[in-house]
Amino acid sequence: MNILGLNAYHGDSAACLFVDGKLIAAAEEERFRRIKHWAGLPTSAINYVLEEAKLRLEEVDHIAINRKPGVNNLRRLEFVLTHWPHPRLIAQKIKNIRSAASVKETLQANYRIEIKAEVHHVEHHLAHLASAYLVSGFNEAACISIDGFGDFASTAFGVGQGSEVKIDNRVYFPHSLGIFYSALTQFLGFRHYGDEYKVMGLAPYGEPNYLEPLREVVRIRPDGTFRLNLKYFRHHIGNVSYTWKDCAPEVGTLYRRRLVGLLGPARRPDEPLEQKHKDIARSVQATYEKAFFALLQALHKQHPSDNLALAGGCAMNSVANGKVYRRTPFKKMYCPAAAGDAGGAIGAAAFVLSTLNSQLSTDTPLMTAYLGPDASEEEIHALIDWKKKEIADAGCTTSYIGDEEELVSKTAKALADGKIVGWFQGRMEWGPRALGNRSILADPRNAAIKDVLNAKIKRRESFRPFAPSILREEVAEWFETDDDVPFMTKVFQIRTKYRDMIPAVIHVDGTGRLQTVHKETNPRYYRLIEHFRDLTGVPLVLNTSFNESEPVVCYPEEALDCFLRTEMDILVLANFFLERKSA
Ligand SMILES: [Fe+2]
């Protein structure tokens, strides 16, 4: 029995495939289409996951989608009757619901086949909860989804017991912590869909001087839930345009001018970042954390478990996630590799599997994100052959190193010598983070490497920190919290004694957004870091995603193109070692 999971007509469209209860493949559409956060029907991702299992769409038994048109309709009606939103908002919502409802028809029209699969619509937040709980390895857990919006709700409390997960409370539209964070992200001049992490990165440079006015914007209620003060927002009155230009999501302004009266003028994207912007960022993050921990405390009161399963777009706030053990009674937390909407594809499929009484034989807890396309040695060889003139013109040499120990030892040596290394290995990562298969690596001891990376390759804002990949066994020694963080979903404090040793991966507040590297899930990356440790005494490397302001590279040709057009020193494509002569 097989089941295709989809997140469609939503940012980060994606597909996954379970066969006989096992998760075979999962990928986001943006990687194939090369447009960030691509938001239509993910046909390339569908084609890929089917190809991985050697299946045709006609042979799929079940299709699960993370939207349930019609759910929470009474709440919708109540909202329309009490708020009288602009007809454009209603029309926009109806159009989007119709797209989600007609996935089967659209697939049939696209593929020109008759689909025999039974289609299951899973409520958006139930899919988020399932994406964390059902693969967490927990026997029971308190579950929460914190988000922008989906199926007319922004937040859902729930509980997982055995193979079941259910929702027992929701925060409905228009109240949303995701909208709060997005609106203030826009206010600070970061206008692109998905820019919230920039505010999170900027926050430690500021002081929380705007907490008091923001208390006016997000009101925490005695039961732990929250309300937005709607007079500062526009998303509920219908003047916000949600467009998908070429399927790249764009969101109109979410805040009202009244916010300027409260916080001062909004920053234009081309204006310099001043101290007050940093202070607002810090205050936004602190306000979010206050609401987040109030929700978690309320959830724990309702479901007093040691275990927490966390998902939804806001679960990408790794800074807040990193404080959960200190600020709540939870002792163990699982947050999936794709906590945002892409993850709903796995959540919807896993939920349907659980209702079909089919055993979920995914290795749980799901600790690997290596679920995307791979490239064979022959393909890479053919690519290098085809591009040999361009490679030579760029002053690069190519060698084949079949012996893994030699390959990782040579790469570790290059890193320790200050080289920037493109590292392309095995299957592409699922979720937004590069986790050592589509990564750019560098020496964390080199304070100057951040500027070099930004100037030569990444061209991103200088305030954003780079992250460390650390051997799992070394976490307790180097960080103040010891935990598995295989998907970079938590930020922990780095022990004071090591802070001066690894300036390139330490944020201004002494934290690091770590990835724990496990021998079992990525043995080659683990060996590389071991070699680096043997050379330097430091059991971690700087890891940033393999891209240059585009989606993370998927195929070797994209990695090679990125290497050739930037000033990366070395590219390791599986066993092929490319080096710039000048490097
Ligand atoms: Fe969502």
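This passage describes an iron site, a set of paired strands and a helix in a predicted model.

The iron ion is held by the protein donors H124 (NE2), H128 (NE2), D147 (OD) and D341 (OD), which lie 2.0 to 2.3 Å from the metal. Along the chain these donors follow the spacing H-x3-H-x18-D-x193-D. Distant parts of the chain are linked by the pair of H124, in helix α6 (residues 124-133), and D147, in strand β6 (residues 140-150), which are 23 residues apart. The arrangement of the 4 donor atoms is irregular because the angles they subtend around the iron ion range from 87 to 167 degrees. H124 is buried, with a relative accessible area of 0%, and D147 also counts as buried, at 4% relative accessibility.

Towards the start of the numbering, strand β2 (residues 14-19) is largely enclosed by the rest of the structure, since 5 of its 6 residues are buried. Strand β1 (residues 2-7) runs antiparallel to β2 and is joined to it by 6 bridges, with L17 in β2 as the bridge partner of L4. Strand β3 (residues 22-28) is likewise antiparallel to β2 and joined to it by 6 bridges, and here A15 stands opposite A27. The hairpin of β1 and β2 has 6 residues between the strands, and in it Y9 takes a positive phi near 55 degrees; the hairpin of β2 and β3 has 2 residues between the strands, and in it D20 takes a positive phi near 50 degrees.

Helix α21 (residues 556-565) is mostly covered, with 7 of its 10 residues buried, among them P556, L560 and F563. The buried residues of α21 pack against several elements, including α15 (377-386), β15 (396-400) and β24 (576-580).

Definitions and conventions
Residues numbered from 1 in each chain as written. Predicted model: local features only at pLDDT ≥ 70, side-chain atom pairs only at ≥ 80, totals over all residues. Heavy atoms only, no water. Buried < 20%, exposed > 50% of the residue type's maximum accessible area, 1.4 Å probe, protein only. Helix = DSSP H or I, 4+ residues; strand = E, 2+ residues; numbered from the N terminus. Contact = heavy atoms within 4.5 Å. Donors = N, O, S within 2.8 Å, 3.2 Å for Na, K, Ca; no water. Tetrahedral: all angles 85-135°; square planar, octahedral: opposite > 155°, others 65-115°. Pairing = 2+ DSSP bridges.
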